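Trainee: Before I use any labels for this protein, I want to hear what backs each one. Can we go through them?

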Amino acid sequence: SSTISVYRNTIGETTQLVLCPPLANTSIVSDITGQNYRWQVDSGMGFVDINNNVNYSGATSGMLELTNISSRWYGYKYRCIVDYIVGNMVELKFVTAWTGAENDLWSNTANWNCGSLPDNNTDVLITSGQIFLNSNATIRSLVVSPGATVKVAAGFNLTVLQ
């Protein structure tokens, strides 16, 4: 009998790491193993080596710890080089979702799954409910599912950057 095998090349793929704004702590584990680890970050100007500091620890280990990172880091890409082999990239995203757990006010932090108001570096997901915005707000992007509504009070603006 004949067999056909299909292999998927995952080298160079980017994984998205979704975080809650405005500050987050997380870790990234290298997708490859070996003896010598070196983490790099691309904040928009190309990849550079990471040194341990107030935001990073584990820069030369198999797991990079990120501490108190800001939503301004949206889109930063990370990779680990192990014994001269470059691992896959991990890209940071800051996303929050409307829950409406308390009431219909956008400005109530208890209505957001992250417990904070979305900012201009946050992707916003609204899957259900009616939301009332009675202040100015700026967010990165907005997805409103069918059946959900966002009402903006007169004199105020909701600015969506993308």
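Mentor: Here are the labels, each with its reason. Keep in mind that this is a predicted model.

Trainee: What makes the protein more spread out than a compact globule?

Mentor: Start with the make-up: zero helices and 15 strands. The radius of gyration is 20 Å, and the globule rule gives 15 Å for 162 residues. The value is well over the rule, so the protein is more spread out than a compact globule. The C-alpha trace spans about 60 × 55 × 25 Å along its principal axes.

Trainee: Why are C20 and C114 called a disulfide?

Mentor: Their sulfur atoms are 2.0 Å apart. The cut-off is within 2.5 Å, so the pair qualifies. A search of the whole structure finds one disulfide.

Trainee: Why is the disulfide called left-handed?

Mentor: The torsion about the S-S bond of C20 and C114 is about -75°, so the disulfide is left-handed. C20 sits in the loop between strand 1 (14-19) and strand 2, while C114 sits in the loop between strand 9 and strand 10 (123-126). The pair therefore ties together parts that are 94 residues apart in sequence.

Trainee: Is C20 buried or partly exposed? And C114, buried or exposed?

Mentor: Buried means under 20% relative accessible area, and exposed means over 50%. C20 has 32%, in between, so C20 is partly exposed. C114 has 18%, under the cut-off, so C114 counts as buried.

Trainee: How do you know that C80 is buried?

Mentor: The relative accessible area of C80 is 1%, under the 20% limit, so C80 is buried.

Trainee: What makes S141 buried?

Mentor: S141 has 16% relative accessibility, which is under 20%, so S141 counts as buried. S141 is found in strand 13 (residues 141-144).

Trainee: Why is the link between the side chains of S141 and D123 called a polar contact?

Mentor: The distance is 2.5 Å. The limit for such a pair of N or O atoms is 3.5 Å, so the distance fits. Leaving aside neighbours within four places in sequence, S141 is also in contact with residues including T122, V124 and V160.

Trainee: Which residues touch the most other members of the largest nonpolar core?

Mentor: That core has 22 residues, and I50, Y56, L66, I69, W73, Y78 and L92 touch the most other members. Strands 2, 3, 6, 7 and 9 each supply at least two residues of this core. A second, separate core of 10 residues includes I131, L133, A137 and A148.

Definitions and conventions: Residues numbered from 1 in each chain as written. Predicted model: local features only at pLDDT ≥ 70, side-chain atom pairs only at ≥ 80, totals over all residues. Heavy atoms only, no water. Core = buried A, V, L, I, M, F, W, Y, C linked by side-chain atoms within 4.5 Å. Buried < 20%, exposed > 50% of the residue type's maximum accessible area, 1.4 Å probe, protein only. Helix = DSSP H or I, 4+ residues; strand = E, 2+ residues; numbered from the N terminus. Polar contact = N/O pair within 3.5 Å; in protein donor to acceptor, adjacent residues only side chain to side chain. Contact = heavy atoms within 4.5 Å. Rg over C-alpha atoms; globule rule 2.2 N^0.38 Å.
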